[in-house]
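Dear colleague,

I am handing over the structure below. My notes on what was found in it follow.

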Amino acid sequence: MSANFWTSSHYKELLEAEEVDVVHQLDKERGITLDDFKLIKLHMSNYIARLAQNVKVRQRVVATAITYMRRVYIRRSMTEYDPRLVAPSCLYLASKSEESTVQARLLVFYIKKLYSDDKYRYEIKDILDMEMKILEALNYYLVIFHPYRSLSQLLQDAGMNDTAQLTWGLVNDTYKMDLILIHPPHLIALACIYIASVLKDKETTAWFEELRVDVNVVCLQNLNLHPIAVMRSFQET
């Protein structure tokens with residue numbers, strides 16, 4: 001595993017926003033719009049998280065699985081790669097790459113327990129077969145750097161350790177969007193810290209000015225995260 005984000009496959013795989021928000025031609029022919037595309041990925045992110053709760057894996061595994069799922073649909077269509085199978089298969093692959101392996105039979109058990117719809121009824125062989133297709137779609141690039149890695153250090157440096165739970169929750173929420181495919185993870189962490197500072201009325205202007213980051217990018221992510229920030233503000237009151 002690469003210890004340096006800037007030399008990793010993750011960095012090399014970063015995309016522009018307009019490259020991410022593209023509906024595959026096969027999906028367009030089925031009437032799937034860009035809004036549909038985003039909603040399906042959101043639903044599948046929630047599906048992965050719900051399944052992960054039952055098989056009891058770390059949040060990092062969930063984040064990696066969601067990143068895999070979102071990367072897959074940069075290169076493959078939902079018509080060819082059914083999201084209802086891709087989601088648990090990504091969780092299965094992520095559990096192995098993050099050294100927290102979950103058996104495929106356990107995933108199949110909980111899928112059947114959670115969903116009565118026959119469209120979700122997949123067997124172990126289906127997950128194993130899709131795992132190989134996902135690996136190919138990902139070009140076998142499995143190393144993912146997440147914002148969690150730098151969050152604790154940044155919070156300590158900013159003197160905001162008392163907002164750790166809030167910022168961690170905000171980072172979790174970023175996986176409801178495609179930010180991890182577009183921005184370096186430390187910038188996502190900084191955007192979440194900025195939002196937490198606003199919600200908790202913390203003065204961090206001087207600290208942000210000392211950082212050697214593109215403030216415009218951080219502000220752009222704040223705009224992307226605005227609906228989540230509003231939701232969090234209600235939860236915190």
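I begin with Ser95, which counts as buried at 0% relative accessibility. The model is a predicted one, and the remarks below should be read in that light.

Ser95 sits in helix α6, which covers residues 83–97. Its side chain reaches back to the backbone oxygen of Tyr92, at 2.7 Å. If neighbours within four places in sequence are left aside, Ser95 has Val61, Ser100, Thr101 and Val102 in contact with it. The C-alpha atoms of Ser95 and Arg60 lie 9.2 Å apart, while the two residues are 35 apart in sequence.

Next, the salt bridges. How many salt bridges are found in a search of the whole structure? The search gives eleven. I describe some of them here.

One of the eleven joins Asp178 to Lys41, with 2.9 Å between the closest N and O atoms. Asp178 belongs to the loop between α10 (164–174) and α11 (179–182), whereas Lys41 belongs to helix α4, so this pair ties together parts that are 137 residues apart in sequence. Are these two partners buried or exposed? Asp178 and Lys41 are both buried.

Another salt bridge is made by the side chains of Lys96 and Glu131, at 2.6 Å from N to O. Here the pair ties together parts that are 35 residues apart in sequence, because Lys96 lies in helix α6 and Glu131 in helix α8. The partners are placed as follows: Lys96 is partly exposed, with a relative accessible area of 34%, and Glu131 counts as buried at 6%. Helix α6 thus appears twice in these notes, as it holds Ser95 and also Lys96.

Helix α8 also has a salt bridge with both partners in it: Lys125 and Asp129 lie four residues apart there, about one turn of the helix. The closest N and O atoms of Lys125 and Asp129 are 2.7 Å apart. Lys125 counts as exposed, with 56% relative accessibility, and Asp129 as partly exposed, with 35%.

Some salt bridges share partners, and through these Lys41, Arg70 and Asp178 are joined into one network. Two members of that network, Asp178 and Lys41, are the buried pair described above.

Last, the backbone. Most residues other than glycine have a negative phi. Which residues are worth listing against that background? Lys56, which is not a glycine, has a positive phi of about 60°. Lys56 is in the loop between α4 (34–55) and α5 (59–75). With a relative accessible area of 69%, Lys56 is exposed.

Asn139 is another residue other than glycine with a positive phi, in this case near 60°. Its place is in the loop between α8 (124–137) and α9 (148–158). Asn139 is partly exposed, its relative accessible area being 40%.

For a look at the model on screen, I list the places by element:

- Helix α6: Ser95, in contact with residues that include Val61 and Val102.
- Helices α6 and α8: the salt bridge between Lys96 and Glu131.
- Helix α8: Lys125 and Asp129.
- Loop between α10 and α11, and helix α4: Asp178 and Lys41.
- Loop between α4 and α5: Lys56.
- Loop between α8 and α9: Asn139.

Regards

Notes. Residues are numbered from 1 along each chain as its sequence is written. This is a predicted model: local features need pLDDT of at least 70, side-chain atom pairs count only at pLDDT 80 or more; totals for chains, interfaces and linings use all residues. Side-chain values use heavy atoms; hydrogens and water are left out. Helices (H or I, at least four residues) and strands (E, at least two) are DSSP runs, numbered from the N terminus. Buried means under 20% relative accessible area, exposed over 50%, partly exposed in between (1.4 Å probe, protein chains only). Contact means heavy atoms within 4.5 Å. A polar contact is a pair of N or O atoms within 3.5 Å; within protein, one must be able to donate a hydrogen and the other to accept it, and residues adjacent in sequence count only if both atoms are side-chain atoms. A salt bridge is a side-chain nitrogen of Lys or Arg within 4 Å of a carboxyl oxygen of Asp or Glu.
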